[in-house]
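Q: Please take a close look at one part of the structure shown here. Start from a single residue and work outwards to its surroundings.

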Amino acid sequence: MLLVEDWAEIRRLHRGEGMPIKAIPRVMGCSKNTVRAALRSSGPPSYRRPAVGSAVEAVEPRIRELLQAWPTMPATVIAERVGWTRSIRTLRARVAELRPVYLPPDPASRTAHQPGEVAECDFWFPDIKLPVGWGQSRTATQLPVLTMVCGYSRFATAGLVPSRGAEDLYAGWWQLIAALGRCRGCWCGTGRARSAGGATSGRS
């Protein structure tokens, strides 16, 4: 490897003293290719240590097998199973990274939502009668209220829909979503609409 001192001397001889390229190798004791490379380079040479993989990578497939069979297996037991003879701290750190992938979901964990991520929609049937004109009225069963509550802000909104049919359900969803003004991501629904008489709910 060309030293920084030699790189600087080659450039000084050629640029400062005007020494020909073919004469510099005899003075410096290097090849012509080394001289040309030093003159073409835009900066001094630097040493870069080659990247070396961690020793735990060699046993990682076996660690994954053990965690898949027993996600809570202690790191010390895993070390014995894989024949680990190095520092236990290195192995324990890798096991800590891999373990969450194989652990079952915690049934008692609290669900958290980001702003604009999810909203819950459902029908509401208040015990009222609404006048619809011409001396007629409708109950909430005939003229249901579609409600929506945002998962993060708990913002709630609602609107009347003509029926519980699929076409009115999806149109109602769209009106409620549009009333928010903007949506951070993609909204998707799992509506279970029924034509008449059945309860309907959905998540958007």
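Is Ala-69 buried or exposed, and what is its relative accessible area? Please also describe the helix that holds Ala-69 and the way that helix packs.

A: The model is a predicted one. In it, Ala-69 is exposed, because its relative accessible area is 68% and the cut-off for exposed is over 50%. Ala-69 belongs to helix H4, which covers residues 60–69. On H4, the face turned away from the buried side carries Ala-69 together with Gln-68, both exposed.

The other side of the helix is made up differently. Glu-60, Ile-63, Leu-66 and Leu-67 are the buried residues of H4. Looking down the axis of H4, these buried residues occupy an arc of 120 degrees, so they line one face of the helix. They pack against two helices, H5 and H6.

The packing of H4 with H6 comes first. H6 spans residues 88–102, and the two helices pack at an angle of about 45 degrees with their axes 10 Å apart. H4 and H6 are therefore oblique to each other. H4 passes H6 in a right-handed crossing. On the H4 side the contact is made by Glu-60, Ile-63, Arg-64, Leu-67 and Gln-68, and on the H6 side by Leu-91, Arg-94, Val-95, Leu-98, Arg-99 and Tyr-102. By class, this contact of H4 with H6 has six nonpolar residues, one polar residue and four charged residues. Gln-68 thus takes part in the contact with H6 although it is listed as exposed, while Glu-60 takes part in that contact and is listed as buried. There is also a C-alpha distance to note at Ala-69: its C-alpha atom and that of Tyr-102 are separated by 8.8 Å, and the two residues are 33 residues apart along the chain.

Next is the packing of H4 with H5. Their axes are again 10 Å apart, and the angle is about 125 degrees. H4 and H5 are therefore oblique to each other, since 65 to 115 degrees counts as roughly perpendicular and only angles over 145 count as roughly antiparallel. This crossing is right-handed. In the contact, Arg-62, Ile-63, Leu-66 and Leu-67 of H4 meet Ile-78, Arg-81 and Val-82 of H5. Sorted by class, the residues of the contact of H4 with H5 are five nonpolar, no polar and two charged. Ile-63 and Leu-67 appear in this contact and also in the contact with H6.

H5 has a buried side of its own. In this helix, residues 75–82, the buried residues are Ala-75, Ile-78, Ala-79 and Val-82. Down the axis of H5 they fall within an arc of 105 degrees, so they line one face of the helix. The buried residues of H5 pack against H4 and H6. After H5 comes Gly-83, with a positive phi near 70 degrees.

The remaining pair is H5 with H6. Their axes come within 10 Å and cross at roughly 110 degrees. That makes H5 roughly perpendicular to H6. The contact is formed by Ala-75, Thr-76, Ile-78 and Ala-79 of H5 with Ile-88, Leu-91, Arg-92, Val-95 and Arg-99 of H6. By class, the contact of H5 with H6 has six nonpolar, one polar and two charged residues. Ile-78 is listed here and in the contact of H5 with H4. Leu-91, Val-95 and Arg-99 of H6 are listed here and in the contact of H6 with H4.

As for the chain around this part, there are seven helices and six strands. In sequence order the pattern is α-α-α-α-α-α-β-β-β-β-β-α-β. The chain has 204 residues, of which 28% count as buried. Among contacts in the chain with a separation of 6 or more, 49% are between residues 24 or more positions apart.

To return to the residue asked about, Ala-69 is exposed and sits on the face of H4 turned away from its buried side, whereas the buried residues of H4 pack against H5 and H6.

Conventions: Residues are numbered from 1 along each chain as its sequence is written. This is a predicted model: local features need pLDDT of at least 70, side-chain atom pairs count only at pLDDT 80 or more; totals for chains, interfaces and linings use all residues. Side-chain values use heavy atoms; hydrogens and water are left out. Axes are lines fitted to C-alpha atoms, for helices over the stretch in contact, and angles run from 0 to 180 degrees between N-to-C directions. Helices (H or I, at least four residues) and strands (E, at least two) are DSSP runs, numbered from the N terminus. Angles under 35 degrees count as roughly parallel, over 145 as roughly antiparallel, 65 to 115 as roughly perpendicular and the rest as oblique. A crossing is left-handed if the near helix is turned anticlockwise from the far one by less than a right angle, and right-handed if clockwise. Contact means heavy atoms within 4.5 Å. Ala, Val, Leu, Ile, Met, Phe, Trp, Tyr, Cys and Pro count as nonpolar, Asp, Glu, Lys and Arg as charged, and the others, Gly among them, as polar. Buried means under 20% relative accessible area, exposed over 50%, partly exposed in between (1.4 Å probe, protein chains only). The arc is that of the directions from the helix axis to the C-beta atoms.
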